[in-house]
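This report introduces a structure to a reader who has not met it before. It considers how the chains meet, and then turns to features within one of them.

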Amino acid sequence: MNKTVNQKAWFLILPVLLLVAFSAVIPLMTVVNYSVQDTFGQNKFFWAGLNWFKEMMASERMWDALGRQIAFSTIILAIEIPLGIFVALNMPKKGFWASTCLILMSLPLLIPWNVVGTIWQIFGRVDIGLLGYTLAAMGIDYNYTQDFYAAWATVIVMDVWHWTSLVALLAYAGLQSIPDAYYQAAKIDQASRWKVFRFIELPKIMGVLMIAILLRFMDSFMIYTEPFVVTGGGPGNSTTFLSIDLVKMALGQFDLGPAAAFSIMYYLVILLISYVFYTVMTNLDKRDGH
Amino acid sequence: MSDFTNTATKRGFALPKIKGNAIVMGLYLLFLLLPIYWLLNMSLKNNSEILNSFTLWPQDLTFDNYITILTDPSWYMGYVNSMIYVVMNMVISLVVALPAAYAFSRYTFLGDKHLFFWLLTNRMAPPAVFALPFFQLYSSVGLFDTHIAVALAHALFNVPLAVWILEGFMRGVPKEIDETAYIDGYSFPRFFLRIFTPLVASGIGVTAFFLFMFSWVELLLSRTLTSVNAKPIAATMTRTVGAAGIDWGVLAAAGVLTIIPGALVIYFVRNYIAKGFALGRV
């Protein structure tokens, strides 16, 4: 749609601007403030320049957490995106079963995150959980509080359980918008199932898929509550992702300077990667002629 | 394993045409629902049954866990508090986001693209980064442990989301409608409230759903900003860890009760949900 130039539109944006300034800019400036100062306690601060940033850049702890975070986000994206598309392709197109599937699939998305953690904490326990009990009965040594691989597997399966439906719903919305004529044309050409997917369905759902990837990347990169409830970041530090580490540093140890420097770098990394996704997304939007 | 095949064949029977699809969906839904079923199952048992015997369904059905929660104010006030700040957040976010989304969907103005992305960056901000500054900010203005503090804090990620979704829906409304209304002599506020808002009603419904969703599921900020008076249910749940170990039954019952509001809301928006998740961009 061609839009008209109207500078007065700023007045319509103003309420949002004021609200977001209050709840985002002021807190963010506090963080910036802490990141360049040091304290001896008693609320006395002095200028520390970029020392905290240098310290954090050299800190093995942060790099390890970042490494784990990237590994986690990569793994869950690699599982959830294909699985979500696959599920969407198999969903009923309309009628009673379609709405039933939609409702049941949305269910995990509406569960408070700590309850998601609690559900899997219980589900995976060897003594009282169905999953843990079954695995133990099959003779598999599974203990997510002690074992590195079990902890990672639990956290990843939990995230797949929690969020695959989001990807599936988005892909489903994209698939629904493809006109029947496309499929009929493919049928006349005797295109194989794979070719229908590759040349009709995939290009058509690319736009929503980018939204799915963007949302999943952002949210998995900030994940805190679920792994915190299930593993508490352990065993050792093996599931301590960036947010868990940050909260430990800021609210647990009250190391304001390093935590603030950490926050800013953390935020910038998310921003940078999201910007790339966003640019790709808007370009796709333009190409599709929206 | 027998569970798997059973569900699949049953569904396959009901829908003989798309059997392969039905099996995939059956398995996926089973995967989604089993953990939830297990929580429900546990919430209907007493603690000795939970800990001493492994049963697939409650042998000794009891509603005591639910009665504990629904009769104890320190428990059920958690739900009330969560509801209050969620509704406040929905109202605040919608009121500020509606005009902004309209502006973004209709006009070009200085810095609009940058502004839009800047708004989105707030959706990308990790709550962990904001936990401490929020705590200090709201303490210093005397809003700590109030519902409005949590509602405002959640506006950080909900307002950008609302603008984003609403903008997508508003783009779908033809511009000719605006022009015709202005020619007919409608003033902007009257046009916006009487004509435009009803046109994007489904979009507003879907947006409200998402605002509800993200405010309802969030724990880190709501826990940091409250202590007693506005404590959300999610934080109350940590109470079940007592001297005698964890009260599993009550914990499970509290979990089940947090799922119910979400399930109800989903039911109302079920026909728009897919479009909504695509942020109105399909």
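## Helix contacts between the chains

In this predicted model, helix H1 (residues 9-35) of chain A and helix H7 (residues 127-140) of chain B have axes that come within 9 Å and cross at roughly 105°. H1(A) is therefore roughly perpendicular to H7(B). On the H1(A) side the participants are A:Ile26, A:Pro27, A:Thr30 and A:Val31, which meet B:Val129, B:Phe130, B:Pro133, B:Phe134, B:Gln136 and B:Leu137 of H7(B). By class, the residues of this contact are 8 nonpolar and 2 polar, with no charged residue.

A second pair is formed by helix H5 (residues 113-123) of chain A and H2(B), whose axes come within 9 Å and cross at roughly 80°. These two helices, H5(A) and H2(B), are therefore also roughly perpendicular to each other. Here A:Ile119, A:Trp120, A:Ile122 and A:Phe123 meet B:Pro35, B:Ile36, B:Trp38, B:Leu39 and B:Met42. The contact of H5(A) with H2(B) has 9 nonpolar residues and neither polar nor charged ones.

The table sets out the two pairs.

| Helix pair | Axes come within | Crossing angle |
|---|---|---|
| H1(A) and H7(B) | 9 Å | roughly 105° |
| H5(A) and H2(B) | 9 Å | roughly 80° |

## The chain interface as a whole

Taken over the whole interface, 77 residues of chain A are in contact with 83 residues of chain B. Within the side of chain A that touches chain B, H1(A) gives the most, with 14 residues. That side of chain A comprises 57 nonpolar, 19 polar and 1 charged residues.

## Within chain B

Chain B is divided into domain 1 (2-65) and domain 2 (71-277). Their contact takes 9 residues from domain 1 and 8 residues from domain 2. On the domain 1 side, helix H2 (19-43) and helix H3 (47-52) of chain B each supply at least two residues. The largest share of that side, 4 residues, comes from H2(B), the helix that also meets H5(A). By class, the domain 1 side has 4 nonpolar, 4 polar and 1 charged residues.

Helix H5 (residues 73-106) of chain B has 34 residues, and at 1.5 Å a residue it should span 50 Å. The C-alpha atoms at its ends are 49 Å apart, which agrees with that expectation. H5(B) nevertheless bends by about 35° at B:Ala97, and a proline, B:Pro99, follows within four residues.

Key
Residues are numbered from 1 along each chain as its sequence is written. Chains are lettered from A and ligands numbered from 1 in the order in which they are written. This is a predicted model: local features need pLDDT of at least 70, side-chain atom pairs count only at pLDDT 80 or more; totals for chains, interfaces and linings use all residues. Axes are lines fitted to C-alpha atoms, for helices over the stretch in contact, and angles run from 0 to 180 degrees between N-to-C directions. Angles under 35 degrees count as roughly parallel, over 145 as roughly antiparallel, 65 to 115 as roughly perpendicular and the rest as oblique. Two residues are in contact if their C-beta atoms, placed from the backbone, lie within 7 Å. Ala, Val, Leu, Ile, Met, Phe, Trp, Tyr, Cys and Pro count as nonpolar, Asp, Glu, Lys and Arg as charged, and the others, Gly among them, as polar. The expected span of a helix is 1.5 Å times one less than its number of residues. The bend at a residue is the angle between axes fitted to the seven residues ending there and the seven starting there. Domain bounds come from an automatic or database domain assignment.
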